[in-house]
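The following exercises concern aromatic rings and their surroundings. Please study the sequence and the structure before reading the solutions.

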Amino acid sequence: MGKKFIHYRQFDQMDCGPTCLRMVAKHYGKNVNIQYLREKCQINKEGVSLKGISKAADSLGFRSLGVKVTFEQLQEAPLPCIVHWDQNHFVVVHDIKQKGKKTNVYVANPGTDNEVYSRAEFEEHWISIDEKEGIALLLETTPKFAEFENHDSLEALSFKRIGTYLVKYKALIFQLFIGLLAGTLISMILPFLTQSVVDTGIQTKNLNFIYLVFIAQLMLFFGRTGLEFIRSWLLLHISMRLNLTIISDFLIKLLNLPPSFFDTKMTGDILQRIDDHHEIESFLSSTTLSFVFNFFTFIVFGFVLAYYDIKIFAIYIVSGLMYVFWVRFFLKRRRTINQTKFTYSAQNQSKIIQMISGVQDIKLTNSEQDKRWEWENLQIKIFRLNLKNLALEQFQSSGALLINEGKNILIAFIAAKEVIEGNLTLGGMMALQYIVGQLNGPIDSLVGFIQHYQDAKISLERLNEIHTLKDEEPFENSFIQNFNTEGDISIENMDFAYPGIEKPTLKNINMHITAGKVTAIVGSSGSGKTTLLKLLLRFYEPSSGKISVGDSNLSNILPSAWRQECGTVMQEGYIFSDSIAKNIAVGVEKIDHERLFHAVRVANITPFIEQLPMGYNTKIGDEGIGVSQGQKQRILIARAVYKNPSFIFFDEATNALDANNERVIMQNLNSFFRGKTVIIVAHRLSTVKNADQIIVLENGQVAEVGSHEALIQNRGFYFSLVKNQLELG
C-alpha cells in the first residue's frame with residue numbers, strides 16, 4: 001500500500017464531501033482548511049453534490065472527472081478517488097489490491113475510519129440495486145496544485161490559548177498548591193507513623209506511645225479531610241467560572257458569524273459543540289489540576305519508596321510504564337468511538353428538537369409512530385456503539401487490572417521475603433504497602449489524564465470548526481459606519497445562487513428604489529422575492545453585481561450599522577420567551593413607553609394586550625402563553641415600528657391577518673411610512689396597490705416595473721398575478 005493514507009474525521013453531519021477532498025489533498029502533500037473546502041463545495045443543510053466537490057477540487061488545482069464506472073474500470077482509474085457511498089455519503093477509495101482470488105478495497109470513510117472491504121462488500125455500498133456501475137469522482141493533480149498554498153494555519157483555539165483562562169485564577173490556584181503541599185506532607189508522615197507503631201510501640205509493648213501515635217494519626221486525618229473540603233470548594237469555584245468564561249466566548253464568536261452560517265448547520269451540531277466546552281473545562285480544571293497534584297504526590301512518595309527499597313521502586317516504575325502503554329494502545333479506537341458518538345448525539349438532539357417543535361404537524365399527519373421509529377432506530381445505533389465502547393473499556397480494564405494486581409502481589413512477596421531475611425522490619429513492610437497504595441493513585445490519574453486529553457483534543461478540533469471562521473464584522477475592518485440614510489437603493493447586474501444549488505435564484509437584477517417611497521415586490525412563489533430581501537439585509541452577499549445605498553456599496557457598510565437603520569418583518573420572524581414589551585423593544589435596556597404604546601397602536605394589537613391579566617408584562621413564546629399567527633405578525637410589526645428606522649422591509653407581514661385588521665394596520669402604517677424607504681413583499685392586492693412603485697419578479701428576473709395602474713394597463717405578468725393570485729388574498 002505504500003505510505004499510510006491519512007484519515008480525517010468529518011465534524012458535521014454534512015461534511016463528508018469536503019472532508020474526502022481534504023484527505024485526497026493531504027495525500028498529495030497539501031493541508032487545506034475544511035472551511036475553505038466547505039465554501040468551495042457550496043455546502044448546505046442537504047450536504048454537497050458531486051459537482052460541488054468537483055468545483056472545489058478544480059479550485060485546488062486538481063483535474064476532476066465525474067464518472068459512472070464498473071468495478072473493473074475503477075481498478076484501472078487513478079487513486080485515490082472519491083466515490084458515492086450508500087446513495088447518501090462520500091468516501092475515498094485510496095487503494096485496491098488483488099491477493100490471489102481475493103480483492104481488497106481500502107476505503108477512508110470520513111464518518112468512521114480507514115476500512116478494508118472485499119469486492120462484494122464494497123459493491124454493496126457503492127453500486128445501487130439493479131445496476132452494474134457506481135459513481136466516482138476521479139482526481140489528478142495539475143501544475144496549479146503545486147502552486148496552491150497550505151492554509152490550514154488559521155488562528156485557532158489551542159490548549160495554550162485556553163490555558164490563559166486559568167491565569168485569571170492564579171490566586172485560587174496558588175491556594176490549591178499550598179493545600180496540596182500541606183496534604184502531601186501529612187500523607188508522607190503517615191507511613192512513618194505506621195512503621196513506628198509496629199516497630200516501636202508493639203515491639204516494646206509501649207501502649208502510651210501507641211496512644212500518642214494514634215492521636216497524631218487522627219489529627220492528621222482531620223487535617224487532611226479539612227484540606228480536601230477546601231480543595232473541592234476551590235475547584236468548584238474555578239471550574240464554574242472557567243466554564244462560564246469559555247462558553248460565553250464561544251457564544252460571542254457564534255453570534256458574530258454571518259446569518260448564512262446557520263443555514264448550513266444542524267441545531268444538534270451546535271448544541272453538541274456547546275457540550276464540548278464542558279469536556280474542555282473539566283480537563284482544564286479538575287483533570288489537569290488533579291494530575292498536577294498527583295504528579296507531585298508521585299514525586300514525593302517515589303523518593304520515599306526508593307528510600308525504603310530501590311528494588312521495589314524499580315518494579316513499581318516498570319509496571320507503571322506497562323500500565324500506561326497498555327492504556328495508550330486503545331486510544332485510537334477510543335477516538336473513533338468518541339467521534340461517532342458526537343455524530344449520533346448531534347442527530348439525537350436534532351430529532352428530539354424536531355419532534356417537540358413539530359408535534360402539531362406530527363399529530364395532524366398521524367406520523368407519531370414513524371417519527372418515534374426514526375428516533376428508536378438512532379437509539380439502536382447508539383446502543384451498539386455503547387456496546388463497542390463497553391467491550392473496549394472491559395478489555396482495557398482487564399489488562400490494566402492484571403498489570404496492577406500482578407505488581408501489587410509481586411511487591412508484597414518481595415517485601416515479605418525481605419522481612420523474613422531481616423532486610424526489612426514488619427513496620428517497614430506495612431509502610432511500604434501504604435506507600436505503594438498512595439502511588440497507585442497518580443498512575444490512575446496519569447491514565448485518566450491521557451484519556452481526557454484525547455477527548456478534550458477532539459472537542460477542541462470540533463470547536464475550531466467555529467473559531468476559525470471569519471466574523472461577519474472582523475475586529476479590524478474597513479467597513480463604513482456612517483452612510484446616507486436618505487439615499488436611494490440601487491441594484492446593478494446582480495446574480496445570486498444559494499450554496500450547493502447550481503441554478504441562480506436571482507439573475508441579472510437591475511432596479512432602483514427611491515428613498516422615502518414605498519416599493520412593492522410581487523411575483524409567483526419561488527420567484528426570488530424573499531431572497532432579494534435577505535440580500536438587502538446582508539444575510540448573504542451577491543454572487544456578482546452590487547447593491548448601493550446612496551453613494552456607498554452595501555458590502556462596505558458595517559452590517560450592524562446597516563441593520564440598525566432597518567426595521568424588518570420576515571416570514572419566519574421569531575417570538576422570544578419573554579414579556580410582550582420586551583418582544584417589541586428587543587435589545588433595549590430601558591423601554592421608552594411612549595414609543596411602545598405608539599408601536600402597539602400602529603400594529604393594532606392594543607385590545608389583545610389589554611385583555612391579558614399582566615398586560616405588557618405577560619410572558620409569551622415557547623415558555624409563556626401561545627399567540628396566534630396573526631397576533632405574532634402584529635407583534636413583529638410593532639417591533640419594527642418601535643425601532644423607528646430609516647428603511648422598512650416587510651416580507652408577507654400581513655398575510656395572516658383578517659381583512660379588517662389588515663385595513664386598519666395598513667392605514668396606520670401609511671402614516672408611519674412617510675419619509676422612510678419601504679420595501680414590501682406581498683401577495684395581497686390591498687397591500688401593494690398603493691405603493692409608489694411595484695416591481696414584478698418572475699423566475700428570478702425583473703419582469704415589470706411601474707405603478708399599479710400602469711402595470712394593469714400593460715396586461716402583463718402583474719395583471720396575471722392580480723387576476724389569479726393577488727385579488728384572491
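**Exercises on aromatic rings**

In this predicted model, arginine 715 lies over the face of phenylalanine 719, at 4.2 Å from the ring centre.

**Exercise 1.** Determine which residue lies over the face of phenylalanine 672, and at what distance from the ring centre.

*Solution.* The residue is lysine 676, placed 5.0 Å from the ring centre of phenylalanine 672.

**Exercise 2.** State how many aromatic pairs the rule yields, then classify the pair of tyrosine 28 and phenylalanine 145.

*Solution.* Step 1: the count is 19 aromatic pairs. Step 2: the ring centres of tyrosine 28 and phenylalanine 145 are 6.2 Å apart, and their planes stand at 80 degrees. Step 3: planes over 60 degrees apart count as edge-to-face, so this pair is edge-to-face. Step 4: tyrosine 28 belongs to the loop between helix 1 (16-27) and helix 2 (34-41), while phenylalanine 145 belongs to helix 6 (residues 143-147), so the pair ties together parts that are 117 residues apart in sequence.

**Exercise 3.** Decide whether tyrosine 28 and phenylalanine 145 are buried, partly exposed or exposed.

*Solution.* Step 1: buried means under 20% relative accessible area, and exposed means over 50%. Step 2: tyrosine 28, at 32% relative accessibility, is partly exposed. Step 3: phenylalanine 145, at 5%, is buried.

**Exercise 4.** Classify the pair of phenylalanine 672 and phenylalanine 673.

*Solution.* Step 1: their ring centres lie 6.5 Å apart, with the planes at 50 degrees, so the pair is tilted. Step 2: both phenylalanine 672 and phenylalanine 673 are buried.

**Exercise 5.** Name the members of the aromatic cluster that contains Trp85.

*Solution.* Phe71, Trp85, Tyr117, Phe122 and Trp126 make up this one cluster.

Methods:
Residues are numbered from 1 along each chain as its sequence is written. This is a predicted model: local features need pLDDT of at least 70, side-chain atom pairs count only at pLDDT 80 or more; totals for chains, interfaces and linings use all residues. Side-chain values use heavy atoms; hydrogens and water are left out. Rings of Phe, Tyr and Trp (its six-membered ring) pair if their centres lie within 6.5 Å; planes under 30 degrees apart count as stacked, over 60 as edge-to-face and the rest as tilted. Helices (H or I, at least four residues) and strands (E, at least two) are DSSP runs, numbered from the N terminus. Buried means under 20% relative accessible area, exposed over 50%, partly exposed in between (1.4 Å probe, protein chains only). A charge sits over a ring if NZ of Lys or CZ of Arg is within 6 Å of the ring centre and within 35 degrees of the ring normal.
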